Amino acid sequence: MNKPELVTVSFKLNGKKVEAEIPPGRTLLEMLRRDLGLVATKEGCAKGECGACTVIFNGKTLNSCLKLAAQLLPEDEVVTLEGIEKDPLAHRVQKAFVEEGAVQCGFCTPGMVVSSYVLLKETPRPTEEHMKEALSGNLCRCTGYSKIIKAVKRASEE
Amino acid sequence: MTKQLHFARPLSVSEATTLLANHPTARIIAGGTDLLVKWKNGILPDLTHLVDLGNLKLTSIAQEGDHIAIGSGCTMSQIAEHPLVKKKFPALVTAALQVGALQIRNLATLGGNVANASPAGDTIPALLTLEAQVRLAGIKGVRLVPLAKFFTGPGKTEMEAGDLIEAFLIPDRETKGTFFKLGERRAHAISKVSLALSSWAMPGSRIAWRIALGAVAPTVIRARRAETLLEGASESLTEKIIEQACQLVCEEATPISDIRSEKEYRKKMVGVLLKRALEKLKKA
């Protein structure tokens with residue numbers, strides 16, 4: 001039985017330097033959940049179409065299911081929901097989601113929160129149209145989106 | 001994830017081209033937004049190597065003589081936000097901003113979108129209207145291929161074993177332009193039909209017009225008859241000329257019916273998209 005070829009990657013994760021040894025085909029999402037125990041980021045479609053796996057990569061959101069872990073460089077910074085939880089803005093977003101009833105099954109919520117957080121960080125008072133556009137990469141099968149938009153609006157006004 | 005995959009991150013263009021040439025079952029991975037999806041869907045059963053071009057730093061956008069060179073590794077977001085591109089190539093900005101959704105745009109690259117060579121690839125019509133050239137690096141050296149000659153069929157290009165796209169060279173002009181696509185949704189939708197329009201001033205107060213149509217032929221195509229009509233018209237386009245141009249693009253489109261749309265709809269909508277594009281440029 002061949003020993004699988006492993007790649008060593010080092011990068012910054014939630015503010016700390018980490019190193020991991022992973023097979024070449026492992027995605028960032030798989031590495032976060034399986035190897036690093038960070039399970040807030042969810043796998044929805046594994047094809048980059050639903051946004052449940054959204055993380056912040058060098059300040060911008062991306063689908064971690066489409067990023068190969070092997071592609072990570074030492075200067076790359078990955079931030080997951082676990083990494084922003086203490087940020088007052090993230091707290092405001094989470095609180096607004098709960099208060100507006102924007103969470104039903106909750107599976108899209110981590111991705112929605114991360115995307116909303118990055119949106120409000122860049123644009124503290126976005127228009128509704130802008131909010132919809134910024135969240136168009138995050139799908140929800142439960143809420144019909146209107147309460148999610150209300151939540152983002154609420155978080156932006158507080 | 002069944003087959004043993006190898007990952008390589010070559011340190012130079014020549015190392016990359018040699019690696020690619022030596023392993024025909026190797027594929028370049030840039031953003032991975034098309035490649036990883038194909039691989040997971042089992043469409044690439046022979047894939048053995050993933051070659052990451054990150055070390056080659058093909059991510060700059062800069063003036064190069066009388067061209068603007070856009071590195072193949074530039075992401076859609078990077079392109080749409082760059083001052084040079086925003087100023088000179090609005091069709092490309094509009095197109096880049098409609099690829100996928102935000103998370104995709106932060107990862108997907110121009111090189112990937114072009115090399116994937118889908119007739120529905122959103123940046124391709126815009127690049128075509130801007131008369132882009134592809135700078136390819138291969139084992140025999142560097143060569144330029146006009147984008148208009150780059151695609152040979154759906155998913156097929158002029159790239160040979162060992163080739164990689166270094167950059168896109170666009171003639172340095174200040175253009176007006178836009179891009180429209182129709183999809184099942186307003187985001188995360190493969191285009192059913194798309195249209196790019198670019199125009200710029202030429203000497204003698206003439207105006208150049210370039211129209212490219214997506215998803216209505218085996219490759220993205222230029223609507224040359226409509227272009228000629230617009231270019232022959234006097235400075236401000238009359239409603240009659242616009243109507244005729246829209247009719248011409250409908251004739252020039254040769255769509256098929258497939259999983260995404262029907263040919264009658266596609267044929268009709270290219271005309272509608274041209275009208276919208278011309279009206280938008282008029283207002284600007």
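# A guided look at a predicted model

Visitor: Which strand pairs with β4 (residues 61–64) of chain B, and in which sense, parallel or antiparallel?
Guide: Welcome! This is a predicted model, and in it 4 bridges join β4 of chain B to its partner. That partner covers residues 67–71 of chain B, and the two run antiparallel. The strand you are after is β5 of chain B, paired in the antiparallel sense.

Visitor: Which residue of β5(B) stands opposite B:Ala62?
Guide: Strands β4 and β5 of chain B are antiparallel partners, and this pair of residues sits across the two. Facing B:Ala62 from β5(B) is B:Ala69.

Visitor: What links β4(B) and β5(B), and which residue in the turn has a positive phi?
Guide: The two strands form a hairpin, with 2 residues between them. One residue in that turn has a phi of about 65 degrees, a positive value. That residue is B:Gly65.

Visitor: Which residue of chain A, other than glycine, has a positive phi near 50 degrees in the loop between β1 and β2?
Guide: The loop in question runs between β1 (7–13) and β2 (16–22) of chain A. The residue there has a relative accessible area of 25%, so it is partly exposed. Its name is A:Asn14.

Visitor: Is A:Asn58 buried or partly exposed?
Guide: A:Asn58 has a positive phi of about 50 degrees without being a glycine. Its place is the loop between β3 (54–57) and β4 (60–63) of chain A. With a relative accessibility of 40%, above the 20% under which a residue is buried, A:Asn58 counts as partly exposed.

Visitor: How many salt bridges does the structure hold over all chains?
Guide: Let me start with one of them. A:Lys95 bridges to A:Glu99, with the closest N and O atoms 3.3 Å apart. Over all chains, the number of salt bridges is 25.

Visitor: Where do A:Lys95 and A:Glu99 lie, and how many residues apart are they?
Guide: A:Lys95 is partly exposed at 39% relative accessible area, and A:Glu99 is partly exposed at 38%. Both belong to helix α3 (residues 88–99) of chain A. Their separation is about one turn of the helix, that is, 4 residues.

Visitor: In the salt bridge between A:Arg34 and A:Glu30, which residue is buried?
Guide: Both residues lie in helix α1 (residues 28–35) of chain A, 4 residues apart, and their closest N and O atoms are 4.0 Å apart. A:Arg34 has a relative accessible area of 56%, so it is exposed. The other partner has 12% relative accessibility, so the buried residue is A:Glu30.

Visitor: What is the N to O distance in the salt bridge of B:Glu227 and B:Arg222?
Guide: Here both partners are buried: B:Glu227 has a relative accessible area of 4%, and B:Arg222 has 15%. Their side chains meet in a salt bridge with an N to O distance of 2.7 Å.

Visitor: Which residues are joined into one network by salt bridges that share partners?
Guide: You have already met two members, A:Lys95 and A:Glu99, which bridge to each other. Shared partners extend the network, and its members are A:Lys95, A:Glu99, A:Glu100, A:Arg154 and A:Glu158.

Visitor: Which strands stand at the edges of the open sheet of 4 strands in chain B?
Guide: The strand order is β11-β12-β13-β14, with antiparallel pairing. Each edge strand has a single partner, so one side of each is left without a neighbour in the sheet. The edge strands are β11 (176–182) and β14 of chain B.

Visitor: Which residue stands opposite B:Ala212 in β14(B)?
Guide: β13(B) and β14(B) run antiparallel and are joined by 2 bridges. The residue opposite B:Ala212 is also a salt-bridge partner of B:Glu227. It is B:Arg222.

Visitor: Which elements of chain B do the buried residues of α10(B) pack against?
Guide: Helix α10 (residues 239–252) of chain B has 14 residues and reaches 20 Å from first C-alpha to last, close to the expected 20 Å. Its buried residues include B:Ile241, B:Ala245 and B:Leu248. They pack against β13 (206–214), β14 (221–222), α9 (224–232) and α11 (263–283).

Visitor: How much space lies in the largest cavity?
Guide: The count comes to 1 cavity of 30 Å³ or more. Among the residues lining the largest cavity are A:Cys105, A:Phe107, A:Cys140 and A:Thr143. The space in it is about 30 Å³.

Note on methods. Residues are numbered from 1 along each chain as its sequence is written. Chains are lettered from A and ligands numbered from 1 in the order in which they are written. This is a predicted model: local features need pLDDT of at least 70, side-chain atom pairs count only at pLDDT 80 or more; totals for chains, interfaces and linings use all residues. Side-chain values use heavy atoms; hydrogens and water are left out. Buried means under 20% relative accessible area, exposed over 50%, partly exposed in between (1.4 Å probe, protein chains only). Two strands pair if DSSP finds at least two bridges between them. The expected span of a helix is 1.5 Å times one less than its number of residues. Contact means heavy atoms within 4.5 Å. On a 1 Å grid over the protein atoms alone, a cavity is a set of points where a 1.4 Å probe fits but cannot get out, and a pocket is an open set with protein on both sides within 12 Å along at least five of seven lines; lining residues have an atom within 4 Å of a point. Grid points are joined across faces, edges and corners, and a volume is the space filled by probe spheres set on the points.
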